[in-house]
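Trainee: Can we go through this model together? I'd like to start with the ligands.

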Amino acid sequence: MAIERIQLDLLRLPYVHFFETSFGRSYDRTFILTRVWEGGVCGWGECVAEEQPLYGSETTESAWHILKDFLIPLVFKKAVVEPEDFARTAAVYRGNRMAKAGLELALWDLKAKKAGVPLRKLYGGVYDEVEAGVSCGIEDSIPDLVARIGQYLDEGYRRIKIKIKPGWDANACAAVRARYPAILLQADANGAYTLADKDVLKTLDAYNLLLVEQPFAPYDLWDHAKLQKEMKTPLCLDESILSLATARAAVEMGSCRIINIKVGRVGGPVEARAIHDYCPAQGIPVWCGGMLESGVGRAHNLHLASLPNFKLPHDLSASRRYYQEDIIDPFIELSGPGKIRVPDGPGIGVNPVEERVRRAAVRSEAFTSPGRR
Ligand code: OSB
Ligand code: MG
């Protein structure tokens with residue numbers, strides 16, 4: 001058998017509430033939805049590249065180009081169907097990990113659907129429910145942030161992450177801690193600091209944070225190691241971890257004590273799995289990060305997060321925390337206080353609604369295997 005057809009859709013979905021990080025504020029999400037067909041079965045994936053190259057170097061347009069001109073032709077030319085074969089074959093091309101992951105994810109959904117099992121079963125996942133968490137952007141004021149966190153706690157979330165940047169860091173942590181002394185709290189800087197800010201970062205030790213995520217730039221493993229030596233709070237790396245090789249370098253250097261795994265950032269589930277499997281023997285817990293995915297990407301994250309070394313609460317929230325009308329049916333919801341069930345049906349276990357996909361699409365293109373038609 002071989003993949004017969006692949007479709008890309010560029011979608012734009014408005015957020016329920018703006019999302020601001022140290023990179024800036026955004027009001028909607030543009031991303032690529034991927035689909036692969038074999039024998040009438042369709043697998044779905046999502047490419048998490050964003051409109052601007054702020055978090056990572058890829059963009060929706062660079063990913064579209066890499067998918068259209070390199071990865072999709074490769075799938076057809078080599079008759080690749082198995083996701084593991086795709087990962088190996090696509091490795092001839094450097095970087096462009098989000099583009100690669102977008103296609104590999106669709107092949108995993110297809111594989112699980114053909115086998116008639118939830119994707120979690122193929123991965124060897126052990127949890128049928130995972131720990132949720134909500135990532136709170138920078139707000140107009142500290143009271144706004146405290147109020148918004150109160151709203152999420154009322155909805156049942158138990159672990160809160162706040163975005164920090166110079167000028168919105170210790171003050172934000174202090175205010176949130178004063179109001180909610182007992183919640184699970186962590187902070188994410190998205191690389192907004194340098195070693196010159198060491199003293200401010202060290203004051204974050206006072207707020208009993210689960211972790212501080214990515215204080216310095218992605219390539220700065222060495223300065224992260226210097227900071228970790230002087231901080232009690234575990235550092236967690238996100239943007240820095242692009243592969244098993246960078247994970248190993250970070251761990252061996254002492255740059256972090258926790259790793260955030262994002263399937264898009266590391267190039268797909270095969271590489272994510274390799275990092276997940278390497279970490280336990282090093283004493284490094286991992287958790288599943290998010291990229292404000294639609295329900296397709298988030299369902300994929302839920303299945304991945306069912307693997308055994310995902311030990312800390314994730315950036316996995318309900319559909320409505322992000323979007324008024326998620327593209328999937330049913331929506332993802334909290335299944336109990338601070339928990340989300342991994343969907344049970346075959347594959348990712350949620351169904352994109354064609355009509356909503358069409359309404360959100362700004363561009364679509366289908367590719368057919370040259371051997372067919
Ligand atoms: O750094 O974790 C991050 C969103 C976009 C880009 C980077 C990050 C994030 C988030 C959102 O924090 C987490 C989520 O999807 O819930
Ligand atoms: Mg992060």
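Mentor: What follows is a short run through the ligand sites and two backbone details.
Mentor: This is a predicted model, where local features need pLDDT of at least 70, side-chain atom pairs count only at pLDDT 80 or more, and totals for chains, interfaces and linings use all residues. Residues are numbered from 1 along each chain as written, chains are lettered from A and ligands numbered from 1 in written order, and side-chain values use heavy atoms, without hydrogens and water.

Trainee: How many residues surround ligand 1?
Mentor: 16, the closest being S135, D188, N190, L292 and Y322; a residue counts if one of its heavy atoms lies within 4 Å.

Trainee: And by class, what is in the shell?
Mentor: Five nonpolar, three polar and eight charged residues. Ala, Val, Leu, Ile, Met, Phe, Trp, Tyr, Cys and Pro count as nonpolar, Asp, Glu, Lys and Arg as charged, the others, Gly among them, as polar.

Trainee: Which side chain has a polar atom 2.7 Å from a ligand 1 oxygen?
Mentor: N190 does, and an N or O atom in the side chain of Y322 is also 2.7 Å from an oxygen of ligand 1. A polar contact here is a pair of N or O atoms within 3.5 Å.

Trainee: What about backbone?
Mentor: A polar backbone atom of M291 is 3.3 Å from a ligand 1 oxygen.

Trainee: Switching to the metal: what are the protein donors of the magnesium ion?
Mentor: D188 (OD), E213 (OE) and D238 (OD), 2.1 to 2.3 Å from the ion, which is ligand 2. Donors are N, O and S atoms within 2.8 Å of the metal (3.2 Å for Na, K and Ca); water is not among the atoms, so sites may look incomplete.

Trainee: How are they spaced in sequence?
Mentor: As D-x24-E-x24-D.

Trainee: Any odd backbone?
Mentor: D329 and P330 are joined by a cis peptide bond, with omega about -5°. Q214 has a positive phi, near 45°. Most residues other than glycine have a negative phi, and most peptide bonds are trans.

Methods:
Polar contact = N/O pair within 3.5 Å; in protein donor to acceptor, adjacent residues only side chain to side chain.
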